[in-house]
Amino acid sequence: MSLVRDGYPAAEGMVSGPVHILTWGVPEVPHETIAPERIEEEVERFDAAREWAKGRILEMRSIAAERLGTMEARIFEPQLLMLDDHEVVDGTTRYIRENRLSAARAFDWRMLELQALWIRTQNPMVLDRLNDVEDLQVRVLHRLLDRPEPGDLEALDEPVIVVARNLTPSLTVQMDPDRILGVATDLGTRTSHWAILARSLAIPSVVGLLDISRVATEGQEAIMDGRIGRIVLDPDDRDREVYRQRRRRLQEWEEEIDLISKLDAVTKDGQPVAIRANVDLPSEVDQARLHGAEGIGLFRTEFLVVGRSSMPEEEEQYQAYRQAAEAFPDGAVVIRTYDLGGDKFPMFLQMTREENPFLGWRAIRVCLDRLDLFRPQLRAFLRATIHGDLRMMLPLVNDIEEVMRVRELLGEEEEALKREGVPFYAGYKVGVLLETPAAALDAAELARHADFFSIGTNDLVQYTLAVDRTNPRLAHLYNPFHPSVVRQLHQVSRVARAAGIEVSVCGEMAANPLGTYLLLGLDIPSISVPWPALPEVRKVIREFRVEEARAAARKALAAPTSRDVTRCLVEGIGASVDLAAFSGRWSLSLG
Ligand code: PEP
Ligand code: MG
């Protein structure tokens with residue numbers, strides 16, 4: 001009988017193949033003491049192992065730079081720093097000298113101590129750091145124990161689905177997308193560094209499967225759907241048939257993408273829709289263009305800094321923004337200022353643990369408190385404005401004072417650039433990302449200070465419904481079609497129209513056919529979606545009339561429950577769009 005496991009989607013794609021269990025663990029290290037005359041020899045062995053590990057990590061870094069770009073390759077920095085960290089090096093050397101432990105034992109011991117220490121501090125960034133620590137530990141210990149380096153994926157003789165407890169960036173970057181069909185792990189989140197890399201490498205991935213590395217066996221047949229976060233082990237004939245059908249549809253669809261991407265995004269009755277892309281990494285910009293984006297509606301700049309051990313430099317950010325602007329000479333590129341905190345913690349900020357990080361020091365709050373971080377971003381943005389229609393968007397704004405403060409800071413940085421003779425375009429726009437009920441209810445005030453609105457429904461839903469967007473137990477309650485959300489969308493749309501400013505939606509709901517339909521029905525004529533969803537969204541838009549969507553939205557606004565809202569939309573869109581065909585691609589659920 002087949003065994004189905006659901007986790008979280010981290011990188012999309014549907015694949016089938018044999019499982020390869022990747023064991024990447026810290027080895028058992030025997031307790032070994034050494035004779036006093038061997039002490040210096042062990043210290044030297046430890047230093048040599050560190051040097052070797054440094055060489056390996058530098059190698060990985062250059063592979064990453066080649067495959068993904070120099071910015072992404074920076075995720076190896078923390079590991080390089082840790083190899084020379086005095087707490088690691090001095091502590092280990094002391095155990096060799098004073099306790100006469102073998103280099104392997106001393107290093108193992110010291111790393112365990114440091115891990116325990118970091119866990120005790122309960123700093124959220126620890127999660128990130130522990131993964132890096134373990135990566136180093138595994139590498140150096142295998143070297144010191146004279147064992148072959150684990151996790152060798154080169155020797156595989158057929159394409160596989162890798163199953164592991166967790167991955168690391170250095171393992172992921174070694175994966176050749178032609179030979180690694182997909183990845184399924186017990187741990188990890190969509191924002192884990194390795195998952196970000198997997199997305200950039202287009203390797204379908206499912207994370208948070210809890211025990212997949214224990215239940216799966218080497219060579220076992222599996223089908224995996226990275227879009228809905230599911231893996232099926234030992235699929236039966238029915239599963240295989242469903243897989244084949246969906247694969248075929250997906251392939252047909254992929255062939256259609258090229259054609260669709262060139263068509264106008266316009267409804268059947270002639271309403272044009274601006275469709276832009278959400279990107280997490282600069283390397284995704286080209287994909288966005290190829291998939292028909294008219295611009296970038298959300299550039300999540302925090303992924304330039306998460307996992308970094310030092311503050312990002314202005315020049316590097318400028319280059320990233322410039323690259324995006326130049327990729328879209330005729331379209332807007334919306335740069336969202338750092339949305340740090342919540343579930344994204346760069347190491348260098350040393351953020352302390354909070355009881356409710358999503359209600360805590362996050363996004364604009366962090367930027368306004370840490371001008372040493374924020375000012376270089378503002379300068380980089382200003383400098384890049386000469387390369388295209390670059391717009392700045394402020395996340396998690398609750399009131400106008402936050403917008404006014406950012407405008408003040410921008411004014412100061414403009415003055416500084418003028419003094420230095422550095423060019424910028426003064427007519428850039430500053431917009432607000434509405435993500436809280438406070439902002440939605442206060443939209444009329446905010447509209448007087450913002451050049452545009454975008455609605456971040458991912459957060460708006462969690463804050464309106466008090467449902468943590470990352471809590472799998474509450475997933476059934478996290479509903480963007482809740483009447484309270486629909487009403488806020490309507491309210492913001494009306495305010496924006498009255499104020500004469502553009503309003504768009506960049507949350508995931510815009511990529512759902514029902515969501516697209518509702519938003520157009522609410523007179524929100526601009527949306528931004530993850531780039532893989534662009535062709536589908538374009539296709540949906542071309543199949544219905546905006547007048548019908550408006551009628552359905554009116555009914556949805558009067559609906560008493562989420563279920564009723566959904567029903568109004570399904571009935572409305574169902575008259576013109578074959579929803580089953582869309583859901584066949586859109587939600588490739590097996591079984
Ligand atoms: C949102 O909240 O809808 C949004 C687009 O931002 P993020 O998903 O990055 O929080
Ligand atoms: Mg958000």
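**Exercise 1.** Which backbone oxygen lies 2.7 Å from a polar atom of the side chain of Ser261?

*Solution.* Let's begin with the ground rules. This is a predicted model, where local features need pLDDT of at least 70, side-chain atom pairs count only at pLDDT 80 or more, and totals for chains, interfaces and linings use all residues. Residues are numbered from 1 along each chain as its sequence is written, ligands are numbered from 1 in the order in which they are written, and side-chain values use heavy atoms, without hydrogens and water.

Step 1: find Ser261 in helix H10, residues 237-261. A helix here is a DSSP run (H or I) of at least four residues, numbered from the N terminus.

Step 2: look for the partner, which is the backbone oxygen of Ile257.

**Exercise 2.** Is Ser261 buried or exposed?

*Solution.* Step 1: recall that buried means under 20% relative accessible area, exposed over 50%, and partly exposed in between (1.4 Å probe, protein chains only).

Step 2: compare. Ser261 has a relative accessible area of 11%, so Ser261 is buried.

**Exercise 3.** Describe what surrounds ligand 1.

*Solution.* Step 1: 14 residues surround ligand 1, and Arg300, Glu435, Gly456, Asn458 and Arg469 are the closest. To count, a residue needs a heavy atom within 4 Å of the ligand.

Step 2: check the oxygen atoms of ligand 1. A polar side-chain atom of Glu435 is 2.8 Å from one oxygen atom, and a backbone N or O atom of Asn458 lies 2.7 Å from an oxygen atom.

Step 3: find the main contributor. Helix H18 gives the largest share of the shell, three residues.

Technical notes
Helix = DSSP H or I, 4+ residues; strand = E, 2+ residues; numbered from the N terminus. Polar contact = N/O pair within 3.5 Å; in protein donor to acceptor, adjacent residues only side chain to side chain.
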